[in-house]
Amino acid sequence: MAASSLAFVSRRGEPELVAPAGPTPRELKRLSDLDDQESLRFYRSVIYFYRSHPSRSGLDPARVIRHGLAAALLHYYPIAGRLRELPGRKLVVDCTGEGVWFVEADADVALDEFGDTLCPPVPCAGELLCLPESNSAVVVNRPLLYVQVTRLRCGGFVFGIQVCHSLVDAPGITQFLQAVGELAGGMEAPSVRPVWARELLDARDPPCPNYQHPEYELVANAANDKLRPGDKLVHRAFLFGPEEIATLREQLPPRMRARCSRFLLLSAFAWRCRTAALGYEPDDEVRFMFVMNARGKRDRPLPEGFYGNALTFGVARTTAGELCSAPLGRTVELIVAARARIAADDYAQSVADALVLRGRPRFTTARTYLVTDLTKSNLHEVDLGWGMPVYGGPATTTLATFHIPATGGGITVPMCLPPWAMERFAANVCAGLSPASSRRGRSSSVESAIRSNL
């Protein structure tokens, strides 16, 4: 059976609230001014697939994970609370200790039936995730984490979560889930102690941005975007293995080939192919937006154990005509320049200032290709006692996408587009990976396809 035709229904038990394993402080804890921006007020889905393990025979994964959750929430007690909104739309965590939503389930399906290569959108994800009971864009006055453990016919299981993005970013939720696994395995305390410290990413008083922030500025004629709410969308994952990456690298000028990262290379290539597929006008401004982690700054370090949002967004922008007529190396240079603009140690502070001054706006999405690079993340390395997952990462994808590590040293890029644009995008990818493109030292064949679509 092909994974795309897989169909089953999970038999869910009654939901329960898993509270911390002991008493926790009752207090209000402010989120940072990066945490409570409008664009992060939603639930992000993450899913893990685990095979059965001989050493775990007879153990119920739901029971083990429930125990680990309760123990971890004793240390990460804000996750067991509820968000409240103060005047000025400021979010705080009311540390009530009520707990996280938990459901155990069974499904008459084996792990191998999900296919050889798992990536978002995961087949039948809706049967494997415990969804928030109403609009997932509402984050106040409700649980901050929804968990479902689904036992499979083969003895493996699926661990699916929906977590409020206002509370944690990808490194933050990974840190918490690793603590769940450690405490479920018998450790007395997590190896990394959680640190709140959200005040480190608050705006100054008065706010005083040091940099421009195009990520929160509207593009001109945003209504002319080719992607509109309610459009029919299709999903397809594109795998770029070592051979495909080498082909693209040959299209760069010799001086760039050795030092261009895979993220830069694939981002530049996909941005051009996608822009052409959507058929923007040559004078339309188009953007590439990417996520940068503010951890690890030399002059403004965040403490080890910090699990809040420490992400900022870089923006490269040009016109559709310039993007699609220039060689691939020029697109790489645009993204390199955008990354340099947000590399300063005080950039996250400037973002917080700008967000407060502008009323915590959403980041711009019109004519924007947004990518998060997960290839260097340990999101997929959460061991709950059954070893490393077969797959661990996003359950779904939208118009924003990810670079996901694949077996054999490749990278999977899930894409979500209208059907007519997906057909064009796939054709542009094939043209850009053709031997003729590599021999020319630039993506001439994809440029021809791009010009025909503009």
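**Figure 1. Strand β14 and the second largest pocket.** In this predicted model, β14 is the element that gives the most to the lining of the second largest pocket, supplying four residues. Strand β14 covers residues 391-394. Two other strands, β10 (234-240) and β15 (401-405), also put at least two residues each into this lining. The pocket itself has a volume of about 460 Å³. Its lining has 22 residues, and the ones closest to the centre are Leu118, Val390, Tyr391, Pro405 and Ala406. What sort of residues make up the lining? Sorted by class, there are 14 nonpolar, six polar and two charged residues.

**Figure 2. The largest cavity.** Rolling a probe the size of a water molecule over the atoms shows where empty space is left. How many cavities of 30 Å³ or more does the structure hold? There is one. The largest cavity has about 60 Å³ of space in it. Around it you'll find Met292, Asn293, Ala294, Lys297 and Thr312, along with Ile342, Ala344, Asp345, Tyr347 and Ala348. Two elements, β11 (285-293) and α9 (347-357), give two or more residues to that lining. If you sort the lining by class, you get six nonpolar, two polar and two charged residues.

**Figure 3. Helix α6 crossing helix α10.** Here we zoom in on α6, which runs over residues 262-278, and α10, which runs over residues 419-432. Their axes come within 8 Å and cross at roughly 135°. The two helices are therefore oblique to each other. As for handedness, the crossing of α6 and α10 is right-handed. On the α6 side, the contact uses Phe269, Ala270, Cys273, Arg274, Ala276, Ala277 and Leu278. Facing them from α10 are Trp420, Ala421, Arg424, Phe425, Asn428, Val429 and Gly432. Split by class, the residues of this contact are ten nonpolar, two polar and two charged.

**Figure 4. Helix α6 crossing helix α8.** Now look at α6 with another partner, helix α8 (residues 328-341). The axes of α6 and α8 come within 9 Å and cross at roughly 115°. Is this crossing left-handed or right-handed? The crossing of α6 and α8 is right-handed. Helix α6 brings Leu264, Leu265, Ser267, Ala268, Phe269, Trp271 and Arg272 to the contact. Helix α8 brings Leu328, Thr331, Val332, Leu334, Ile335, Val336 and Arg339. Sort the residues of the contact of α6 with α8 by class and you have ten nonpolar, two polar and two charged. Phe269 of α6 takes part here, and Phe269 also shows up in the contact with α10.

**Figure 5. Helix α4 against helix α6.** Helix α4 (residues 242-249) is another neighbour of α6, and their axes come within 10 Å and cross at roughly 75°. That angle makes α4 roughly perpendicular to α6. Which residues meet in this contact? From α4 come Ile245, Leu248 and Arg249, while α6 offers Arg262, Leu265, Leu266 and Phe269. By class, the contact of α4 with α6 has five nonpolar, no polar and two charged residues. Leu265 is worth a second look: Leu265 meets α4, and Leu265 is also part of the contact with α8.

**Figure 6. Backbone oddities between β7 and α2.** Most residues other than glycine have a negative phi, and most peptide bonds are trans. This view has an exception of each kind. The peptide bond from Pro120 to Pro121 is cis, with omega near 0°. Cys124 is not a glycine, yet its phi is positive, at about 55°. Where in the structure does Pro121 lie? Pro121 is in the loop between β7 (100-107) and α2 (125-128), and Cys124 lies in the loop between β7 and α2 as well.

**Figure 7. The cis bond before Pro206.** Asp205 and Pro206 are joined by a cis peptide bond, and omega is about 0°. To find Pro206, go to the loop between α3 (170-184) and β10. Strand β10 also appears in Figure 1, where it supplies at least two residues of the lining of the second largest pocket.

Note on methods
Residues are numbered from 1 along each chain as its sequence is written. This is a predicted model: local features need pLDDT of at least 70, side-chain atom pairs count only at pLDDT 80 or more; totals for chains, interfaces and linings use all residues. Side-chain values use heavy atoms; hydrogens and water are left out. On a 1 Å grid over the protein atoms alone, a cavity is a set of points where a 1.4 Å probe fits but cannot get out, and a pocket is an open set with protein on both sides within 12 Å along at least five of seven lines; lining residues have an atom within 4 Å of a point. Grid points are joined across faces, edges and corners, and a volume is the space filled by probe spheres set on the points. Ala, Val, Leu, Ile, Met, Phe, Trp, Tyr, Cys and Pro count as nonpolar, Asp, Glu, Lys and Arg as charged, and the others, Gly among them, as polar. Axes are lines fitted to C-alpha atoms, for helices over the stretch in contact, and angles run from 0 to 180 degrees between N-to-C directions. Angles under 35 degrees count as roughly parallel, over 145 as roughly antiparallel, 65 to 115 as roughly perpendicular and the rest as oblique. A crossing is left-handed if the near helix is turned anticlockwise from the far one by less than a right angle, and right-handed if clockwise. Contact means heavy atoms within 4.5 Å.
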